[in-house]
Amino acid sequence: MSVIVLVEHTEGTIKKKSLEAVQYAAEIAKKLGTTATAVATGKIADTELQGLGAYGAQKVLYVADDRLNDLHARAITRVLVAAAKQENSPVIVTLHDVNGRAIAPRVAIQLKAGLISGALSYPDTVKGFVVKKSAFSGKAFAYVNATSEVKVIMLAPNSFQLNKTEGAATVENFSVNFEDKDFGVKVKSVDKITGEVPLSDAELVVSGGRGLKGPENWGIIEDLAHALGAATACSRPVADAGWRPHHEHVGQTGGTIRPNLYIAAGISGAIQHLAGVSGSKTIVVINKDPEAPFFKAANYGVVGDLNEVLPRLTEAVKKFKAEHH
Ligand SMILES: Cc1cc2nc3c(=O)[nH]c(=O)nc-3n(C[C@H](O)[C@H](O)[C@H](O)COP(=O)(O)OP(=O)(O)OC[C@H]3O[C@@H](n4cnc5c(N)ncnc54)[C@H](O)[C@@H]3O)c2cc1C
């Protein structure tokens with residue numbers, strides 16, 4: 001018996017959020033008196049796979065099939081179901097991200113498992129299998145009890161701090177008989193954004209709203225993001241107006257992020273915006289209107305003109321970094 005966890009990678013480097021998922025699965029395994037087994041696919045070096053041991057995986061089932069560098073949902077479902085059956089897994093963990101959303105429900109159906117999406121806590125096994133999860137686009141929390149024998153959990157990224165330890169996982173080659181239809185959707189090319197911190201993985205985010213007045217003023221957002229090593233984001237009207245690309249739009253109809261720090265400048269804090277960012281660990285709001293609703297959700301607030309506050313903040317960050325280097 002072991003807890004199964006799917007890991008994702010970018011060109012052979014395992015994503016940080018997958019390390020979180022491995023650590024999460026290992027902790028659940030400990031609670032259940034068993035071990036955690038990671039499942040990895042595509043082209044990944046052995047040392048990278050063994051490194052999952054430092055996050056609690058005892059074993060890695062590795063499907064070395066280059067077609068699986070892209071996470072084809074049907075094919076990965078087949079891998080996870082086969083792995084779960086081999087390992088007699090009580091729990092299967094994926095991430096609550098674009099891949100997890102396509103894979104986890106398929107796995108749950110095939111294994112007749114209860115599915116918990118957007119998990120934010122370890123299961124409380126004292127009275128069943130109770131997990132805290134986000135609900136209503138992040139506006140509320142729900143505590144759900146999975147009563148099925150097998151459970152599939154989709155972990156919300158950046159919910160737990162990573163703790164690297166010692167240890168190496170053993171890597172076992174795992175083979176699955178795929179069918180052509182498993183690769184029915186072909187990725188023809190991928191255009192990558194280069195030189196920026198990807199928003200979904202970012203720990204620090206600087207975000208701008210309509211208070212910026214126009215795309216020509218975004219330099220002050222980018223300067224602060226650059227000084228901090230942060231990603232940039234925006235409110236929906238900003239993306240709708242074409243001031244910023246749509247992939248930067250966060251909120252109910254955009255991306256959901258849970259960074260350690262979210263700095264919002266010139267954003268009023270509408271409930272639809274908060275839906276995408278309220279999971280941030282620390283929220284800093286800069287707004288000239290002291291009545292802006294965002295201040296209610298903020299840990300720190302600056303009432304002031306963003307055109308003055310942002311450049312001063314950037315200078316302060318640069319000075320701090322220079323002094324502490
Ligand atoms: C179904 C639905 C879904 C939606 N989904 C989303 C979503 O996913 N994401 C999202 O963001 N919105 C979403 N919205 C829109 C949302 O309701 C708000 O209209 C939007 O978030 C407002 O964007 P904003 O804060 O940038 O602009 P505004 O509400 O216009 O706020 C601008 C703010 O900037 C401040 N400001 C102006 N000048 C300065 C200055 N010089 N210095 C400092 N502060 C200044 C103002 O005081 C104001 O608070 C949705 C709406 C609906 C109906």
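**The open sheet**

Begin by selecting the five strands of an open sheet, which follow the order S13-S12-S14-S15-S16 with parallel pairing. Two strands count as paired if DSSP finds at least two bridges between them, and the strands and helices themselves are DSSP runs numbered from the N terminus (E, at least two residues, for strands; H or I, at least four residues, for helices). The model is a predicted one, in which local features need pLDDT of at least 70 and side-chain atom pairs count only at pLDDT 80 or more, while totals for chains, interfaces and linings use all residues. Residues are numbered from 1 along each chain as its sequence is written, and side-chain values use heavy atoms, with hydrogens and water left out.

Colour the edge strands next: they are S13 (231–234) and S16 (300–303), each of which pairs on one side only. On average, neighbouring strands of this sheet are turned by 15 degrees against each other, direction ignored. Then display S15 (residues 282–287) together with S16; the two run parallel and are joined by four bridges. Within this pair, valine 285 has glycine 301 of S16 as its bridge partner.

**Helices across the sheet**

Add helix H5 (residues 219–228), which lies across S12 (204–208), S13 and S14 (261–265) and runs at about 175 degrees to S12. For such angles, axes are lines fitted to C-alpha atoms, for helices over the stretch in contact, and the values run from 0 to 180 degrees between N-to-C directions. Contact here means heavy atoms within 4.5 Å. Helix H9 (residues 306–323) may be selected afterwards: H9 lies across S14, S15 and S16, at about 135 degrees to S15.

**A stop on H9**

Which residue forms a salt bridge with glutamate 315? The partner is lysine 318, with the closest N and O atoms 4.0 Å apart. A salt bridge is a side-chain nitrogen of Lys or Arg within 4 Å of a carboxyl oxygen of Asp or Glu. Glutamate 315 and lysine 318 are separated by about one helical turn, because they stand three residues apart in H9. Glutamate 315 is partly exposed at 48% relative accessible area, and lysine 318 is likewise partly exposed at 45%. In these terms buried means under 20% relative accessible area, exposed means over 50%, and partly exposed lies in between (1.4 Å probe, protein chains only).

Elsewhere, select Arg78, Glu179, Lys181 and Asp182, which are joined into one network by salt bridges that share partners. The count of salt bridges comes to 15.

**Positions from the UniProt record**

The unreviewed UniProt entry places the feature "binding site" at several positions, including Arg210, Ser235, Arg236, Gly266 and Asn287. These positions are given in the numbering used here, feature names are shortened, and annotations may be inferred rather than shown by experiment.

Centre the view on arginine 236, which is found in helix H6. Its side chain meets that of aspartate 240 in a salt bridge of 3.2 Å, N to O. The two residues are four apart in H6 (residues 236–240), so about one helical turn separates them. Arginine 236 is partly exposed, with a relative accessible area of 41%; aspartate 240 is also partly exposed, at 47%. Not counting residues up to four places away in sequence, arginine 236 touches His249 and Thr253.

Move on to glycine 266, in the loop between S14 and helix H7 (271–277). Is glycine 266 buried or exposed? At 14% relative accessibility, glycine 266 counts as buried. Apart from neighbours within four places in sequence, glycine 266 contacts Gly209, Arg210, Gly211, Ile286 and Leu306.

**A buried salt bridge**

Select arginine 244 and glutamate 248, whose side chains meet in a salt bridge at 3.0 Å, N to O. Arginine 244 is buried, with a relative accessible area of 13%, and glutamate 248 is buried at 3%.

**The nonpolar cores**

A nonpolar core is a set of buried Ala, Val, Leu, Ile, Met, Phe, Trp, Tyr and Cys residues joined through side-chain atoms within 4.5 Å. The largest has 35 residues, among which Tyr24, Leu52 and Val93 touch the most other members. Elements giving two or more residues to this core include helix H1 (16–31), strand S1 (2–6) and strand S6 (91–95). H1 gives the most, with eight residues.

Finally, select valine 93: leaving aside neighbours within four places in sequence, its contacts include Val3, Leu6, Tyr24, Ile28 and Ile153. A second, separate core has 29 residues, among them Ala75, Ala84, Val107 and Ala113.
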